[in-house]
Amino acid sequence: MLSRTSFKDQNGEDVNIEGLKAKYKNQFTTVTFGFGSCKELCPTINTNISKLSNDFPNAGNIIISVNKEENTVAGRERYINTLRDEYGIDTKKVTILFPKNMEQVAKMQESLGAIVNREAMRSHGDVIALYAPGGRLLDHTKGMQNYGNISGMFAPHISGANIGK
């Protein structure tokens, strides 16, 4: 999914997709889409991403920004600070991607069942996807505002030795 477009990371560096795949190849990994300045669902979604990374510390987490205003140096910095300071997301552990092509990201979201407002480039389908080690899509769900949906999706795949380490 990620190879459909190019990204900058939270440090402003171009992302090598093959390097990113290698980083996460041996762990379960979530991919979700974030919007740092919305006031509707985003606060709940960001809180749930933080809970998820705390409850499943061995899982990798990738957040893809879907706000074109965040694709500047100042915008990236604001978004990262918001995730860290307001939601307690460990921005050194989580990979945050800022797409160079917002249309490609809209297509990625739609492939997971989201409805995208292309004019604003905002998703109206709060989607999270879970990938197995090696990159195979295991599951995806809408309803990021309900933590039970997210942890319920995770629990059957990540259990025993993977939990709490």
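This is a short talk on how the helices and strands of one predicted model pack together.

Let me start with the overall layout. The protein chain holds five helices and eight strands. Along the sequence they follow the pattern β-α-β-α-β-α-β-α-β-β-β-β-α. The chain has 165 residues, and 47% of them are buried. Now take the contacts with a separation of 6 or more. Of these, 68% link residues 24 or more positions apart. On the outside, the accessible surface is about 7900 Å². Carbon and sulfur atoms account for 48% of that surface.

Next, strand 2, residues 29–34. How many of its six residues are buried? Six of the six, so strand 2 is largely enclosed by the rest of the structure. Look at the two faces. Thr 29, Val 31 and Phe 33 point one way. Thr 30, Thr 32 and Gly 34 point the other way. Both sets are buried. Strand 2 also has a partner. It pairs with strand 3 in the parallel sense, over six bridges. One detail from that pairing: Gly 34 has Ser 65 of strand 3 as its bridge partner.

On to the helices. Helix 2 covers residues 42–55. It has 14 residues and spans 20 Å from first C-alpha to last, close to the 20 Å expected at 1.5 Å a residue. Its buried residues are Cys 42, Ile 45, Asn 46, Asn 48, Ile 49, Ser 50, Leu 52 and Ser 53.

Helix 3 runs from residue 73 to residue 87. With 15 residues, it reaches 21 Å from first C-alpha to last, close to the 21 Å expected at 1.5 Å a residue. Which of its residues are buried? Gly 75, Arg 76, Tyr 79, Ile 80, Thr 82, Leu 83 and Tyr 87. These buried residues cover an arc of only 155 degrees around the axis, so they sit on the same side of helix 3. A reminder of the geometry helps here. An α-helix has 3.6 residues a turn, so residues three or four places apart point the same way. What is exposed on the other side of helix 3? Val 73, Glu 77, Arg 78 and Asp 85.

The buried residues of helix 3 have several packing partners. They pack against strand 1, strand 2, helix 2, strand 3 and strand 4. Just after helix 3 comes Gly 88, with a positive phi of about 70 degrees.

Now the nonpolar cores. In soluble globular proteins, nonpolar side chains tend to be buried together. Here the largest nonpolar core has 18 residues. Phe 7, Ile 62, Ile 64, Leu 97 and Val 105 have the most contacts inside it. At least two residues of this core come from each of helix 1, strand 2, strand 3, helix 4 and strand 7. Helix 1 gives the largest share, three residues. Apart from this core lies another, of eleven residues. Among them are Ile 45, Ile 80, Tyr 87 and Phe 98. Ile 45 belongs to the buried set of helix 2. Ile 80 and Tyr 87 belong to that of helix 3.

Last, a closer look at Leu 97. This residue lies in strand 4. Why does Leu 97 count as buried? Because its relative accessibility is 0%, and the cut-off for buried is under 20%. Leu 97 and Gly 12 are 85 residues apart along the chain. Their C-alpha atoms are separated by 9.3 Å.

How values were computed
Residues are numbered from 1 along each chain as its sequence is written. This is a predicted model: local features need pLDDT of at least 70, side-chain atom pairs count only at pLDDT 80 or more; totals for chains, interfaces and linings use all residues. Side-chain values use heavy atoms; hydrogens and water are left out. Helices (H or I, at least four residues) and strands (E, at least two) are DSSP runs, numbered from the N terminus. The expected span of a helix is 1.5 Å times one less than its number of residues. Buried means under 20% relative accessible area, exposed over 50%, partly exposed in between (1.4 Å probe, protein chains only). The arc is that of the directions from the helix axis to the C-beta atoms. Contact means heavy atoms within 4.5 Å. A nonpolar core is a set of buried Ala, Val, Leu, Ile, Met, Phe, Trp, Tyr and Cys residues joined through side-chain atoms within 4.5 Å. Two strands pair if DSSP finds at least two bridges between them. Accessible areas come from the Shrake-Rupley method with a 1.4 Å probe; for residues, only the protein chains shown count as cover.
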